[in-house]
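Work through the exercises below with the sequence and the predicted model side by side, and try each task before reading its solution.

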Amino acid sequence: MKIQKDQVLEAELLGRVKSKMIGEPRPSTERHLTDLIYCITHTYWKIMLPSEEVGDQQALYFAAGLGLEKVLLETDGATNRPEPIDYHGILMSADYVMPVAGGMAELKTTRANVEKYGWPVTWVRQMMGYAVGYGQTSYSLGVYELISAKIKGFRFEFDEEELKEFSDWLLWRKGQLEQ
């Protein structure tokens, strides 16, 4: 038996993944929650120098997340995604409304053990942002740990003061980006 790399197949598969990442461009004035919770300098340069080029590794991580969303969140062809909303000029599009347990949820994939290494601050900010925007005080998080092949569920409860502080911070960040 002879086995050799098939670079044509690799390029075709990677091309398919990347083509799924390119969606409808947002207007340059429209900001998504995720533009504001990650590095604001990166977001600024993404606005100033837009590029359709996506790195191979980024595309493959995207594919893993998209595949898991389809398997774990969709039921009978329904995406179970709530309609996107506008919160003071910030576009918010949550992952999932839980038809069984009620409430809203986000799905994340990671190679780390979140209980051992802690919560990425951006995950918490994203859930807080959606809680603020959708008028919730709690938010669920489904975590698929790739290495251990485990699914874990968590429910985050936010108090009104935390949500108000976060809303103020988010609107401040939006203002900074618009300057």
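**Exercise 1.** Determine which strand gives the largest share of the lining of the second largest pocket, and describe the make-up of that lining.

*Solution.* Begin with the pocket itself, which in this predicted model has a volume of about 170 Å³. Of the 15 residues that line this second largest pocket, those closest to its centre are Leu-73, Leu-107, Gly-142, Val-143 and Ile-151. Next, assign the lining to strands: S5, S6 and S7 each supply at least two residues, and the largest share, 5 residues, comes from S6. Finally, sort the lining by residue class, which gives 10 nonpolar, 3 polar and 2 charged residues.

**Exercise 2.** Decide whether Ser-140 is buried or exposed, and find the partner of its side chain in a polar contact.

*Solution.* Ser-140 lies in strand S6, the strand that also supplies 5 residues to the lining of the second largest pocket. Its relative accessible area is 8%, and because buried means under 20%, Ser-140 counts as buried. The side chain of Ser-140 is joined to that of Arg-155 by a polar contact of 2.6 Å. Leaving aside residues up to four places away in sequence, Ser-140 touches Met-98, Met-104, Ala-105, Glu-106, Met-127, Phe-154 and Arg-155.

**Exercise 3.** Check whether the end-to-end distance of helix H4 agrees with the span expected for its 17 residues, and state what its buried residues pack against.

*Solution.* Helix H4 covers residues 56-72. The expected span is 1.5 Å times one less than the number of residues, so the 17 residues of H4 should span 24 Å, and the end C-alpha atoms are indeed 24 Å apart. Turning to burial, Ala-59, Leu-68 and Glu-69 are buried in H4, and the buried residues of this helix pack against helix H1 (7-21), strand S5 (104-110) and strand S6 (138-145).

**Exercise 4.** Locate His-88 and Ala-149, and say what the sign of phi is in His-88 and in Ala-149.

*Solution.* Start from the general expectation that most residues other than glycine have a negative phi. His-88, although not a glycine, has a positive phi of about 50°, and its place is in the loop between strand S2 (85-87) and strand S3 (90-92). Ala-149 likewise has a positive phi, near 50°, and is found in the loop between S6 and strand S7 (150-157). For accessibility, the cut-off for exposed is over 50%, so His-88 is exposed at 52% and Ala-149 counts as exposed at 54%.

Terms used
Residues are numbered from 1 along each chain as its sequence is written. This is a predicted model: local features need pLDDT of at least 70, side-chain atom pairs count only at pLDDT 80 or more; totals for chains, interfaces and linings use all residues. Side-chain values use heavy atoms; hydrogens and water are left out. Helices (H or I, at least four residues) and strands (E, at least two) are DSSP runs, numbered from the N terminus. Buried means under 20% relative accessible area, exposed over 50%, partly exposed in between (1.4 Å probe, protein chains only). Contact means heavy atoms within 4.5 Å. On a 1 Å grid over the protein atoms alone, a cavity is a set of points where a 1.4 Å probe fits but cannot get out, and a pocket is an open set with protein on both sides within 12 Å along at least five of seven lines; lining residues have an atom within 4 Å of a point. Grid points are joined across faces, edges and corners, and a volume is the space filled by probe spheres set on the points. Ala, Val, Leu, Ile, Met, Phe, Trp, Tyr, Cys and Pro count as nonpolar, Asp, Glu, Lys and Arg as charged, and the others, Gly among them, as polar. A polar contact is a pair of N or O atoms within 3.5 Å; within protein, one must be able to donate a hydrogen and the other to accept it, and residues adjacent in sequence count only if both atoms are side-chain atoms.
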